[in-house]
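Reader: I am new to this structure and would like the reasons behind some of the terms used for it. Please take them one at a time.

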Amino acid sequence: MKLHWQILIALVAAFAAGSLLGQVPGFLRLMDMVGTMFLNALRMLIVPLIVSAMICALLGIGNGAGLARLGGRTVLYFLLTTLIAVVTALVLVNVVTPGIIDGAPAGERLGLSADTARVTESVSDRGQGDLLDILVRMIPVNVFEAAAKADMLGLIFFSILFGYFAARLPEGLLQSQERFWQGIYEVMIRLTGLIMWFAPLGVFALVSQTVAQTGLDALLPLALFFGVVIAALLIQMAVWLPLILRGFGLSPLRHFRAVGPALLTAFSTSSSAATLPVSLQRLQTEAGVSAKVSGFVMPLGTTVNMNGTALYECAAALFIAQAYGLELGVLTQFTIVALALLTSIGVAGIPSASLVAIAIILTAVGLPLEGVGLILAVDRVLDMARTAVNVFGDTVGAVLMAHLEGENVLPDRVNTGIAESDAKA
């Protein structure tokens, strides 16, 4: 049985087990141990995998023209798809108005009581400072400290600089660098393959633990908001992104089959960073994307391309505003869209990190931060869903960039292994 079917069966079984066995003594503790071990195994790979993948990709791209072309196309794709996601959320929330219940703001029913004017005055400068801090964090003071803290922005910035200048070394030194980093990268990919043998068990443990702790009833108080966000995420994942693939003559169905295990891993772990090893492996072995392109696009996308996160941030801010009975003007809504784009870039690929970004947006537009507590009841499940959309957007970008670079992607069957893919790169 293929891996994505094994993970899907584990996912379904986890919902049943979490509902039926949540009160069994020791069940939660056992699931927590197994789930934590699986997450730790994936996170163990992140730093060496990202650094080696980025450097190998830049060494493979070679001259400045190739890097500028691939980098420019990738950034343009990231900006375009994230903007589409945010506008989708903006339209749906304004049409459905989930923060208005029976014609009245839902704030009182949901226990919101903060004085908006007072909170706005006390934190008026915070949003700008936090956004500027994202730029500061791009340059790490100590690259080893950045690695220890898994600071993705700092690591990617360093890796890009290192790879760019390593590609310009004399021939002898260049070849030694290529062999060294390629060796590390291939070891990381093979370690990923080993860990993915245990993916169904890890998915079962993580999801059953979540269901047992929160229960499905936790979704009921905010069902309308939950439904709007899920609908927007589905539109992004099942309509807009497949349309982009189809527009370039690529098969969305083949792409879904190729990256299915990565999407299920993203859903169960709520971490695009932890899913990165799986995404890279599936793109190269099943989608036919070279290590050169996937090694550049995917680590960069894991940090700066957050379709689902930006969509969720926009929807949450508008929902909270509606719950307070505030009618946001066009300029304020445009500010929310811009902030969702910017803050999604600096959000780490870890569970619930977007709550920090939502706090930044609320502060910047003058909404009380207590509104963040309003969405916590449904955040865990929505975090799982938006992470899957984040990863799907990254994989679509990698396939599209490989196609534009002239690679034969999404064939009926990929007959090459990792080594052959790397050799072609």
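Reader: Why is Cys56 called buried or exposed?
Author: In this predicted model, Cys56 has 14% relative accessibility. Buried means under 20%, so Cys56 counts as buried.

Reader: What makes Cys314 buried?
Author: The relative accessible area of Cys314 is 0%. That value is under the 20% cut-off, and therefore Cys314 is buried.

Reader: How many disulfides does the structure hold?
Author: Zero. A disulfide would need a pair of cysteine sulfur atoms within 2.5 Å.

Reader: How do you know what span helix α11 should have?
Author: Helix α11 covers residues 252–269, which is 18 residues. At 1.5 Å a residue they should span 26 Å, and the end C-alpha atoms are 24 Å apart, so the two agree.

Reader: Where does α11 have a kink?
Author: The kink is at Val259, shortly before the proline Pro261, and is about 60°.

Reader: What makes α11 mostly covered?
Author: Of its 18 residues, 14 are buried. Just after α11 comes Ser270, with a positive phi of about 60°.

Reader: Why is Ser208 called buried or exposed?
Author: Ser208, found in helix α9 (residues 199–214), has 0% relative accessibility. Buried means under 20%, so Ser208 counts as buried.

Reader: Which backbone oxygen does the side chain of Ser208 reach at 3.2 Å?
Author: That of Ala205. The backbone oxygen of Phe204 lies 2.6 Å from a polar atom of the Ser208 side chain. Polar contacts require N or O atoms within 3.5 Å. Not counting residues up to four places away in sequence, Ser208 touches Ala14, Ala17, Gly18, Phe27 and Met31.

How values were computed
Residues numbered from 1 in each chain as written. Predicted model: local features only at pLDDT ≥ 70, side-chain atom pairs only at ≥ 80, totals over all residues. Heavy atoms only, no water. Buried < 20%, exposed > 50% of the residue type's maximum accessible area, 1.4 Å probe, protein only. Helix = DSSP H or I, 4+ residues; strand = E, 2+ residues; numbered from the N terminus. Expected span 1.5 Å × (residues − 1). Bend = angle between axes of the 7 residues up to and from the residue. Polar contact = N/O pair within 3.5 Å; in protein donor to acceptor, adjacent residues only side chain to side chain. Contact = heavy atoms within 4.5 Å.
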